[in-house]
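Visitor: Hi! I have a structure open here and would like to talk it through with you. Could we start with how the elements get their labels?

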Amino acid sequence: MAEELSPAVVRIGEAAGVVWSYLSAHGPTSLTVLAHGVGIPRDLLLQAIGWLARENKIDIADKGRGKIVSLR
């Protein structure tokens, strides 16, 4: 039997899907623009980015004082 995911893990996974869809539609995006574009709380956004990074689905590059997130 599969292990049941906690509600927090489910929320992070759903947010990761929203982030992936946004990046797919808009291309490489700064964290600031991404936060406004997806409309999810910043802490959940960062968790979703971590999820996608761990799954090797995104690249994160430094640009000046910020970060640019893009799909692999």
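Guide: Happy to. Helices and strands are DSSP runs, with at least four residues for a helix and at least two for a strand, and they are numbered from the N terminus. Keep in mind that this is a predicted model.

Visitor: Good. Which strand is Ser70 in?

Guide: Ser70 belongs to strand S3.

Visitor: And is Ser70 buried or exposed?

Guide: Ser70 is buried: its relative accessible area is 17%, and the cut-off for buried is under 20%.

Visitor: What does Ser70 touch, leaving aside its neighbours within four places in sequence?

Guide: Ser70 is in contact with Pro28, Lys57, Ile58 and Asp59.

Visitor: Asp59 has a charge to place. How many salt bridges does a search of the whole structure find?

Guide: The search turns up two. In one of them, the side chain of Asp59 meets that of Arg72, with 3.0 Å from N to O.

Visitor: Which parts does that pair tie together?

Guide: Asp59 sits in strand S2, residues 58-63, while Arg72 is in the segment after strand S3 (66-71), so the salt bridge links parts 13 residues apart in sequence.

Visitor: How accessible are Asp59 and Arg72?

Guide: Asp59 is partly exposed, at 32% relative accessibility. Arg72 is exposed, with a relative accessible area of 58%.

Visitor: What about a partner for Asp62?

Guide: Asp62 forms a salt bridge with Lys67, and their closest N and O atoms are 2.3 Å apart. Here Asp62 is the exposed residue, at 60% relative accessibility, and Lys67 is partly exposed at 35%.

Visitor: Switching to helices: at what angle do H2 and H3 cross?

Guide: The axes of helix H2 (residues 31-38) and helix H3 (residues 42-54) cross at roughly 110 degrees and come within 10 Å. That makes H2 roughly perpendicular to H3, as angles of 65 to 115 degrees count that way.

Visitor: Is the crossing of H2 and H3 left-handed or right-handed?

Guide: Right-handed.

Visitor: Which residues make the contact?

Guide: From H2 there are Leu31, Leu34, Ala35 and Val38, and from H3 there are Arg42, Leu45, Leu46 and Ile49.

Visitor: How does the contact of H2 with H3 split by class?

Guide: The contact has seven nonpolar residues, one charged residue and no polar ones. The charged one is Arg42, since Arg counts as charged.

Technical notes:
Residues are numbered from 1 along each chain as its sequence is written. This is a predicted model: local features need pLDDT of at least 70, side-chain atom pairs count only at pLDDT 80 or more; totals for chains, interfaces and linings use all residues. Side-chain values use heavy atoms; hydrogens and water are left out. A salt bridge is a side-chain nitrogen of Lys or Arg within 4 Å of a carboxyl oxygen of Asp or Glu. Buried means under 20% relative accessible area, exposed over 50%, partly exposed in between (1.4 Å probe, protein chains only). Axes are lines fitted to C-alpha atoms, for helices over the stretch in contact, and angles run from 0 to 180 degrees between N-to-C directions. Angles under 35 degrees count as roughly parallel, over 145 as roughly antiparallel, 65 to 115 as roughly perpendicular and the rest as oblique. A crossing is left-handed if the near helix is turned anticlockwise from the far one by less than a right angle, and right-handed if clockwise. Contact means heavy atoms within 4.5 Å.
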